[in-house]
Amino acid sequence: MNKDITEKKLEDHNDVFCDIVNVLLFNGARIIREDELEDYMPSSQYKAEDGFLHEEERDVAKRWKKCNIKIASFGIENQSSYYKYMPVRIIGYDGANYREQLLDKGMKRIYPVVSMVLNFSMKRWNRNICLYDVLDIREELKPYVNDYKINVFDIAFLSDKQIEMFQSDFKVVAKYFADRRKRRKFSFPEKIPEHVDEVLKMLSVLTGDVRFTEGWNSELSKVNKEGFTMGEKWIDDIEERGVKRGREEGIKEGIKEGHTAAEEEMKRAVELKSKGITDIKEYLSAGISQTIASLILGIQTTSN
């Protein structure tokens, strides 16, 4: 299945979409109900370097209606990494939405458009959150150029209190990324998610780890209505294999510049190995764990 389509499927469910909006915009207040949403997919057109007219669509978009009166339009964009020109992209989406409203002859009033960028990376999106940040603009021009701020939500940095506000399956996704950032043990809920297939596919796409969906397929027969019985054992297995795979790949390919303590530790160990240091005590005195030192030196370890 197409990557973009896969990561949208969970959020496209009205119960999940309104839950995301209610928690992130309204601090958990149930302002929007799922039966008040309707699908809406505005597109933005642009002329690319190849000279052809291209079209971009939002990841997920919904109209909020009450008594057939359109109140607002919400759009969600998923980002697994930082994108420098996101304010420009959002302007295109929002502008296309407003332009479509103007072309609707039956439209009696213009309703607001709200765009939300969900950042699933392990780093805060603390730059380029408005148009001025992107533009190369002279000071004397600023009074005549309108700024445009985007709404970015760092999912991995949501507080436990915020995560508990979610009432839909998005809580599983948000909790996974928050736990991953804090290096906490993650556990699936005992109760099977309403949209379990979409949850696992979204986690697989956003993390790049296909074992989420592979695990689900191989364990499907163990799931019943009373509980998500594969839960903790399965996710523990994924995490354990992920750590092992990461270490093996780090030794084979070298560690690229990283931002986590584990990556820095592995990097220091590789440097010591390159200097011909083979005494494990020197690795330990340098603050490197016995597990990583043993892997680097090729020493077989046994657990008690």
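This report walks through a predicted model of a single chain, from its overall make-up to a few chosen residues.

**Overall make-up**

The chain has 304 residues, and 39% of them are buried. Its secondary structure comprises 12 helices and 7 strands. The accessible surface is about 18,100 Å². Carbon and sulfur atoms account for 49% of that surface. Contacts often link distant parts of the sequence. Take the contacts between residues at least 6 apart in sequence: 58% of them join residues at least 24 apart.

**Confidence**

The mean pLDDT of the chain is 80. A value of 70 or more is reached by 74% of the residues. Confidence is highest in strand 7, residues 151-154, with a mean of 98. It is lowest in strand 2, residues 43-47, where the mean is 51. Residues 220-233 have pLDDT below 50, and this stretch makes 28 contacts in the model beyond near neighbours in sequence. Residues 253-259 also stay under 50. For them the model has 8 contacts beyond four places in sequence.

**Helix 6 and Phe170**

Helix 6 spans residues 170-182. Phe170 belongs to this helix. Is Phe170 buried or exposed? Its relative accessible area is 0%, which is under the 20% cut-off, so Phe170 counts as buried. Which residues does Phe170 touch, leaving aside its neighbours within four places in sequence? They are Glu11, Val16, Ile20, Leu118, Phe120, Ile155 and Met202. Val16 is 154 residues away from Phe170 along the chain. Even so, the C-alpha atoms of Phe170 and Val16 are separated by 6.3 Å.

**The second largest pocket**

Helix 6 also helps to line a pocket. This is the second largest pocket, with about 340 Å³ of space. Its lining is made of 16 residues. Nearest its centre lie Ser168, Asp169, Pro189, Lys191 and Pro193. Helix 6 supplies 3 of the lining residues, the largest share. By class, the lining has 7 nonpolar, 6 charged and 3 polar residues.

**Two loop residues with positive phi**

Cys67 and Arg183 each have a positive phi, and neither is glycine. Cys67 sits in the loop between strand 4 (60-66) and strand 5 (69-79). Arg183 sits in the loop between helix 6 and helix 7 (196-207). The table sets out their values.

| Residue | Phi | Relative accessible area |
|---|---|---|
| Cys67 | near 50° | 76% |
| Arg183 | near 60° | 52% |

Are these two residues buried or exposed? Exposed means over 50% relative accessible area, so Cys67 at 76% qualifies. Arg183, at 52%, is therefore exposed as well.

**Helix 12 and the residue after it**

Helix 12 covers residues 290-297. Which residues of helix 12 are buried? They are Ile292, Ala293, Ser294, Ile296 and Leu297. An α-helix has 3.6 residues a turn, so residues three or four places apart point the same way. Gly298 follows helix 12. Its phi is positive, near 75°.

**In brief**

Phe170 is buried in helix 6, while Arg183 is exposed in the loop that follows, between helix 6 and helix 7. Helix 6 also gives the largest share of the lining of the second largest pocket. Confidence varies along the chain, from a mean of 51 in strand 2 to 98 in strand 7.

Methods
Residues numbered from 1 in each chain as written. Predicted model: local features only at pLDDT ≥ 70, side-chain atom pairs only at ≥ 80, totals over all residues. Heavy atoms only, no water. 1 Å grid on protein atoms, 1.4 Å probe; cavity = no way out; pocket = protein on both sides within 12 Å on 5 of 7 lines; lining within 4 Å. Points joined across faces, edges and corners; volume = space filled by probe spheres on them. Helix = DSSP H or I, 4+ residues; strand = E, 2+ residues; numbered from the N terminus. Nonpolar A, V, L, I, M, F, W, Y, C, P; charged D, E, K, R; others polar. Buried < 20%, exposed > 50% of the residue type's maximum accessible area, 1.4 Å probe, protein only. Contact = heavy atoms within 4.5 Å. Areas by Shrake-Rupley, 256 points an atom, 1.4 Å probe, with all protein chains shown as cover. pLDDT = per-residue confidence, 0-100.
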